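Subject: Structure handover

Hello,

Here is the structure I promised to pass on. Please open it first, then read my notes below.

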Amino acid sequence: MSNADLLKELRIDRSQREDHGHHGSGRWPWIFAATVIVLALLGGVGWMLLGHQAIVVQTAVAVSPANDSEAGAVLQATGYVTARRQATVSAQITGTLTDVMIEEGDRVKKDQVLARLDDSGYRAALDAAKAAAGAAHALVAQYQAQLAQNLRDAEREKSLAAQGLVATQQAEQAHTLADSTRSQLVSQQRQAVSADAQVTEAQVNFDYCVVRAPFDGVITTKDAQVGEIISPFSAGGGFTRTGIGTIVDMDSLEVDVDVNEAYIGKVKANMPAEAVLDAYPDWKIPAHVIAIVPTADRGKATIKVRVALEHKDVRIVPDMGVRVSFLDVKPQVATQVPQGVLVPATAIVQRNGRSVVFVLANKANDHGKVQQRVVTPAVQAYGDLRLLPAEVATGDSVVVDPPPELQDGSDVRIKPASP
């Protein structure tokens, strides 16, 4: 077969080429349609996930003007709960802890045992002091007996010398011996007193091995563990503890607030006040001014005021943040309480030229939906609050600083308040 014949065999027939082309062109529309359907499905799922994603917001509760904590207050100041009576308990000697019987939160009574130190060395010193004191007292008894005998001998020698039976010098020697023994007895008695004092000292040191509570209170910190060395003196290296724990007398809790010196003239001793803890904003605690501390902080331009809490409660603990309202002692003129509710000014935003607020509805745990309500705020302002005469009820939760994407019916997730 020639080369021309071979080329003819390799040539594709026109009919076959056209059939194959028609088959390929019929497949592409189906592929395109399937691609469009998949993209549409993906777009729908994305819209469902993104379009219905909950918006994170913060809320505040609308309150009645009659319940405004600032009513009747001539001044407000912030401060902290402090304990007038607290102590870091330590040992008065250096020793190794063998037992620690406290934990944070424990209530203890005065003289209750809090910890024990290794007392083997102090016990031995006490035993040695007692033995020395016993020997000193035994020697006193010996000198007492010897003095009694010397006094009898001196009396006898004196009688014999008067009768001329013995020399006068012998009688004088017996009297001198009695006086010498008396002096030795006095010296030994004083040594016995010294030995008793040493026993007392050893007993005190031995008792220092037991750490007791100085007053009734609550343990707030536990600073040492069994096996650590306790010393009343600070030591380098960090291997020696200076305290076992801190005890606070909860009955001595009060509030220290810093009042701007420009307004200190409004505060008087025994002035009624009202304290609100940051942890319990709805709990108003009756209080009164104890004293105005006669010194100023030049850096902050404030003066410290001590405020007594008239109600004691286990919820009040040291270092809590507190807001104190100093109340006017003058009779208050009855005024009409405005109608409506107070909400933060930042809860009111503009939408399409109207003032609106977003009220939380259908709340379930930390999720819910919001309703947009058109409001007409009153002209008078109450600090950072605004009065809404209508549209919002007391106790409703409104969104603070609503984001631009928030609309009527949006799903929201409530952001926890910052501590």
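In these notes, contact means heavy atoms within 4.5 Å. With that in hand, start at Asp 249. Leaving aside neighbours within four places in sequence, Asp 249 is in contact with Arg 85, Phe 215, Asp 216 and Gly 217. Asp 249 sits in the loop between β11 (245-248) and β12. Is Asp 249 buried or exposed? It is buried, because its relative accessible area is 12% and the cut-off for buried is under 20%. Its side chain also reaches the backbone nitrogen of Asp 251, at 3.1 Å.

Now, how far to trust the coordinates. This is a predicted model. The protein chain has an average pLDDT of 83, and 81% of the residues score at least 70. Among the elements, β6 has the highest mean pLDDT, 95. Helix α1 (residues 3-10) has the lowest, 49. Two stretches call for care. Over residues 47-51 the pLDDT stays under 50, and the model gives them two contacts beyond four places in sequence. Over residues 67-71 the pLDDT is also below 50, with eight contacts beyond near neighbours in sequence. Where pLDDT is low, the predicted coordinates should not be read in detail.

Next, the cores. The largest nonpolar core has 30 residues. Which residues have the most contacts inside it? They are Val 257, Val 259, Val 305, Val 324 and Phe 326. Two or more residues each come from β2 (73-83), β12 (253-260), β13 (272-277), β14, β15 and β16 (321-327). A second, separate core has 19 residues, including Ile 102, Ala 213, Phe 215 and Ile 247. Phe 215 is also one of the contacts of Asp 249.

Val 259 deserves a look of its own. Beyond its neighbours within four places in sequence, its contacts include Leu 75, Ala 77, Ile 264, Val 305 and Phe 326. Ala 301 is another of them.

Ala 301 lies in the loop between β14 (284-297) and β15 (302-309). Its phi is near 55°, a positive value in a residue other than glycine. Ala 301 is partly exposed, at 26% relative accessible area. Asp 401 also has a phi near 55°, again positive and again not in a glycine. Asp 401 is in the loop between β23 (397-400) and β24 (411-414). At 53% relative accessibility, Asp 401 counts as exposed.

β24 comes straight after that loop. Its covered face holds Val 412 and Ile 414. Its uncovered face holds Asp 411 and Arg 413. Strand β1 (residues 55-61) runs parallel to β24, joined by three bridges. Here Ile 55 has Val 412 as its bridge partner. Strand β20 (residues 367-374) runs antiparallel to β24, also through three bridges. There Lys 369 is bridged to Asp 411.

Two open sheets are worth tracing.

- One has five strands in the order β7-β6-β4-β9-β10, with mixed pairing. Its edge strands are β7 (210-212) and β10 (240-241), and each pairs on one side only. β6 (residues 113-117) and β7 are antiparallel over three bridges. Val 113 has Arg 212 as its bridge partner in β7.
- The other has three strands in the order β17-β22-β21, with antiparallel pairing. β17 (341-344) and β21 (381-382) stand at the edges with a single partner strand each, so one side of each has no neighbour in the sheet. Two bridges join β21 to β22 (residues 385-388). Tyr 382 stands opposite Leu 385 there.

Last, helix α3 (residues 120-163). What span should its 44 residues have at 1.5 Å a residue? The expected span is 64 Å, and the end C-alpha atoms are 65 Å apart, which agrees. Its buried residues include Leu 126, Ala 129, Ala 133, Ala 136, Val 140, Tyr 143 and Leu 147. An α-helix has 3.6 residues a turn, so residues three or four places apart point the same way. The buried residues of α3 pack against α4 (168-207). Just after α3, Gly 164 takes a positive phi of about 80°.

Over to you.

Best wishes

Note on methods
Residues numbered from 1 in each chain as written. Heavy atoms only, no water. Pairing = 2+ DSSP bridges. Helix = DSSP H or I, 4+ residues; strand = E, 2+ residues; numbered from the N terminus. pLDDT = per-residue confidence, 0-100. Buried < 20%, exposed > 50% of the residue type's maximum accessible area, 1.4 Å probe, protein only. Core = buried A, V, L, I, M, F, W, Y, C linked by side-chain atoms within 4.5 Å. Polar contact = N/O pair within 3.5 Å; in protein donor to acceptor, adjacent residues only side chain to side chain. Expected span 1.5 Å × (residues − 1).
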